[in-house]
Every structure is written in C-alpha cells, then in structure tokens.
There are 2 protein chains.
Amino acid sequence: MTVATFNVNSIRARMPVLKAWVESAGPDIVALQETKVEDGSFPIADLEPTGYHVAIHGQKGYNGVAILSRVAPDEVHTGLGDPDFPEDCRVIRARFGELWVVGTYVPNGTKVGSEKFAYKLAWFERFGRLLRETVPAGTPAVWLGDINVAPTDEDVYEPDRHRGDVCFQPEEKEALARIVGEGWTDLFRHFTPGPGHYTFWEYTIPNGFKRNLGWRIDHVYANEALAGRCTACVVDRAPRSMERPSDHTPVVATFDLA
Amino acid sequence: MTVATFNVNSIRARMPVLKAWVESAGPDIVALQETKVEDGSFPIADLEPTGYHVAIHGQKGYNGVAILSRVAPDEVHTGLGDPDFPEDCRVIRARFGELWVVGTYVPNGTKVGSEKFAYKLAWFERFGRLLRETVPAGTPAVWLGDINVAPTDEDVYEPDRHRGDVCFQPEEKEALARIVGEGWTDLFRHFTPGPGHYTFWEYTIPNGFKRNLGWRIDHVYANEALAGRCTACVVDRAPRSMERPSDHTPVVATFDLA
DNA sequence: GCGCTAAACG
DNA sequence: CGTTTAGCGC
C-alpha cells in the first residue's frame, strides 16, 4: 500500500499533471496541499474517471488540502478545530480502517521575524497537540504534507546560503523536532541519507529543477505502530518534469500491511 | 496562392490555435490583428518551426498587427505615418514582389457618438488616403483585416436588433464604402451572397458560435489589378471551434497568380 | 515563475 | 467570456 504527499500549487492548474501522475503511479492514498479552491469549486467530476475518492477542505485562493484515496475513508475531519486559530484550511485527517492519515499544509512563515513566522511556530505547537489528541496510541498513522521545514543541512542546496531563510531557522526545526520526537519517523530519511534529495524547487530560480537547486520540505512521517511496516519511501521527480508542473513533486511511502 | 486575415485576440493566448491552423491550412500570407504585444515580446521563436516569416507592429495590451508569410517580404511599412494620428499599431503593409498586402485593425468605435466613434470615422478617412498614396495604380494589392464594419443587413444576425450598435452605423458603412468605392472588391461577397456568413462571434453570447449569432466584420479586398485573379474566398470556421479560440475566425482568399 | 484576486475593456 | 493590467503569496 502506498501513501503519497503532493503540493499541487492549485488543483485547477495542476489537473493534467495530477491525473497523469495518479494514473501512472497509482498511489492508494494521496494528500494534496495548496489546492487553492473552495470546496464547491473543487474539480471532483474531473477526477471521477480516475476512480479516486476525494475528501476536501479548501478556501478561495490560498492554502487548501485534500485526500484522494482508492478506497473511501471511514471518517474524515478537517481543520485544527480551535477557535483561537483561523480556519485557513491546512489540516485534513482521514481514517481507513485502522489507519489514520493526517495531511497538513504547514504555514510558510514568509519572512523570519514576521507575524506570519510567529504564526507558523504557534501553528506547529497547536498542531502537535492535535496529533497527540487525535491519533490513538498504538494504532498505525501517517502524517504527511508540505511541512515547510528543511530539517537539516542535507535538506537544502547550499545550506550556508540559506541560514537566514524561512523554512531553515532553528526555531522552525525545533518546533518540528518536538512533534517528530513524539514517536514519528521521517520515512524518506529512514531509507535514504545524504544531500541532493529534494521535493521543492522554486519557480524563480532559472532551471532550478534541472540544476537540482531545491529543498526537502515535503515529508512523510509514520508513528511507532506503523514505521516498521514501511518498505520504501521515495521522491517521484516525474511530475516536476511535466508540462506546467507544480513547484513541488510527490513523496511516496510504501507499507507492507499484510 | 492564399492570403488570409485572422484577428487572434492576443497572439500569446492564441499560439496553439494559430499554429494548428497555419500548419493545417497552410496559407501563404496571413494578416493578424489584436496581437496585443510589444514587438520585443512577440513569440517569434515559437513560430519558427512553422517556417513563416514574421513582420510585426505591436504595442502593450491593445491592438497590434502582424503579417506572417511563407516567403520573406521585400519591404514592410507600419503605421499611418501621420503625426496627427496616434501610433496605435493598426496598419502594416508588406510587398511580395509586385503584390502589396495591407493589413489593418480598424478602430472598434466602442459606442456610437463617443470620442472613439469619431476617431474611427477619422481613421477611415486617413487610412483611405494612405491606401491611395501607397498602393501603386495598376499593381495587384490586397487590403484585409478586422474592418469592424458589417456592411449590409446580411452581415450580422438579426440586423434589426443591431441598428443602434457600433460597427453597424450608416456613417461607418459610408466611410468604408468611400474607400471600397475606389476600386476594391469585397472578395467574400464576390463569391457568396446571402446571410449567415460571419467571421466574429462575441464571447459574451452563450453558445453564440454554435447558434451562429455573429458578424461579418473581417474582410479581404482586392484592387482592380488583382480581383480578377481571385478564384475563391471563404470563411474558415475551424479555428473558432478549437480549444481556447479567438472570438474571430480567419477569412482566406485564393488567387491564381500563374 | 507561476499561481491567485480583482477591475477594465470589448 | 476571455483578454488585459495590476498587486499579492510563496
């Protein structure tokens, strides 16, 4: 069974790439981020031929998450569920039998020291609590999405040039590490050490993808009840090479749930 | 030899349609209108595979004309060349051996009685003088483009509903007729009488193209030295049916220049 | 760069 | 309806 994350940077703009990719890669479950569309305008009908079920949580123009799945989820929940946090459509959770899948689009933070940067740190804190409170101990769970943090120097090209950049600050890394430390395994890193493995290449850098000037900010984590079942976790660079690509590409984890 | 006119309503937005059409229809010369792009941004490189030569006269956002040709023109001139008229990129002239080709994007006029409407009438007058002064007597010439006048009741759907509309006013028809009267033949009408033959269908009318609620405002005229050589003049509706079409479609005239 | 939102124009 | 110009977000 495979579970994937893909920041599509607009579901409407990315329909050709997304459909081509799910049809060729055939993931069982796909968490999407930055769908950028209200639920009423999500192109569900366009996805119908693929046979995927679609759970959505979106808003106009920004953010937006979704979960596609070959099998219908048994339950779906959206949002942080906290009136102290704006409902900016960054969290969607679905249960498939015993398995919980939590998709997130972590706030970018925009600029170090900004209000949005503070919000990112607060959001991590609040999301960590949601994870603790909603993922039952002992039941398999995967948390995945655009995490907007490159955890180590190996997760961004030329790390010394990015010391001052958002998504690469100690506070962000620590906020993420506090959650990950509660029993989550970074599945890609479990299998593949070393630099040069990225999931996001900025549009603004000329030939950034070809030159592999990227960031590993899209992650798939498994909890202790599931991590041992993971047999592979890879970055699929194919969608980043297609016509009109997203700036991100999918990460796919394979599990042996026999 | 075929000469065509096509108001593309943005050369950038219309590249797929334009390329598909020139590759299938294979016209020798194509006058384009509403390219809407400065010369430096005209997608010449994108057209290179087609083998067409490109002469351009454009501005940012509005208007803009061009001439594509299988054979390179021997000379090209642009504009009305009159300091009393703004250089709004509506005229391009090219010579191919003995043959002169004059492409125009006539001002729309916007609203009857407006300043722009007055400009349209003045422009016609000034353009008529340009034609007289630049097309040598006795040498073959074609004048074509988006003329923005439906000359008769047969050139618009439900003419009685359009008596008050721009592009259908007596003053406009007379301004056009004064030029045409100096020896130009409306080639489409030379071959095809009757209503229902249009070159422009407004985007704003639901299913206007399917229901054929259109206007014949794109014309091809030949002078006395050329008209007798014309063997056909047709509206090619195919490009109006393609994905992301212009609101106009090409008119193609065929000449026997043996 | 390449998405998005708007308003202006035709 | 489908262009354009802008500004915004990442």
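## Notebook: DNA strands, pocket and one sheet

I started at DNA strand C, where a phosphate oxygen lies 3.4 Å from a side-chain N or O atom of K60(A). The model is predicted, and I read every distance here with that in mind.

**Entry 1, DNA strand C.** I asked which residues of chain B are around DNA strand C. They are N108(B), T110(B) and K116(B). From chain A I listed S10(A), A13(A), R14(A), K36(A), K60(A), G61(A), Y203(A), T204(A) and R244(A). By class, I noted two nonpolar, five polar and five charged residues on this surface.

I then looked up further phosphate contacts. S10(A) has a polar side-chain atom 2.9 Å from a phosphate oxygen of DNA strand C, and for R244(A) the corresponding distance is 3.0 Å. Of the strand C atoms within 4 Å of the protein, I found 72% in sugar or phosphate, with the rest in bases.

**Entry 2, DNA strand D.** I counted 14 residues surrounding DNA strand D. The closest are N108(A), T110(A), S10(B), Y203(B) and R244(B). For the atoms of this strand that come within 4 Å of the protein, sugar and phosphate make up 88%. The nearby surface holds four nonpolar, five polar and five charged residues.

I checked what kind of oxygen on DNA strand D is 3.0 Å from the side chain of N108(A). It is a sugar or linking oxygen, and the partner in N108(A) is an N or O atom. With S10(B), a polar side-chain atom lies 3.0 Å from a phosphate oxygen of the strand. R14(B) also places a polar side-chain atom by a phosphate oxygen of DNA strand D, at 3.1 Å.

**Entry 3, largest pocket.** I recorded about 610 Å³ of space in the largest pocket. Its lining has 24 residues, and E34(B), Y105(B), N108(B), T110(B) and N148(B) lie nearest the centre. Two of these names, N108(B) and T110(B), I had already written down around DNA strand C. The lining divides into nine nonpolar, seven polar and eight charged residues.

**Entry 4, a sheet in chain A.** I traced an open sheet of six strands with mixed pairing, in the order β3-β4-β2-β1-β12-β11. β3 (53-57) and β11 (230-235) of chain A are at the edges with a single partner strand each, so one side of each has no neighbour in the sheet. On average, neighbouring strands are turned by 15° against each other, direction ignored.

At the β3(A) edge I followed the pairing to β4 (residues 65-69) of chain A, which is antiparallel and has five bridges. Within it, V54(A) stands opposite L68(A) of β4(A).

Technical notes:
Residues are numbered from 1 along each chain as its sequence is written. Chains are lettered from A and ligands numbered from 1 in the order in which they are written. This is a predicted model: local features need pLDDT of at least 70, side-chain atom pairs count only at pLDDT 80 or more; totals for chains, interfaces and linings use all residues. Side-chain values use heavy atoms; hydrogens and water are left out. A residue is near a molecule or strand if one of its heavy atoms lies within 4 Å of it. A polar contact is a pair of N or O atoms within 3.5 Å; within protein, one must be able to donate a hydrogen and the other to accept it, and residues adjacent in sequence count only if both atoms are side-chain atoms. Ala, Val, Leu, Ile, Met, Phe, Trp, Tyr, Cys and Pro count as nonpolar, Asp, Glu, Lys and Arg as charged, and the others, Gly among them, as polar. On a 1 Å grid over the protein atoms alone, a cavity is a set of points where a 1.4 Å probe fits but cannot get out, and a pocket is an open set with protein on both sides within 12 Å along at least five of seven lines; lining residues have an atom within 4 Å of a point. Grid points are joined across faces, edges and corners, and a volume is the space filled by probe spheres set on the points. Two strands pair if DSSP finds at least two bridges between them. Helices (H or I, at least four residues) and strands (E, at least two) are DSSP runs, numbered from the N terminus. Axes are lines fitted to C-alpha atoms, for helices over the stretch in contact, and angles run from 0 to 180 degrees between N-to-C directions.
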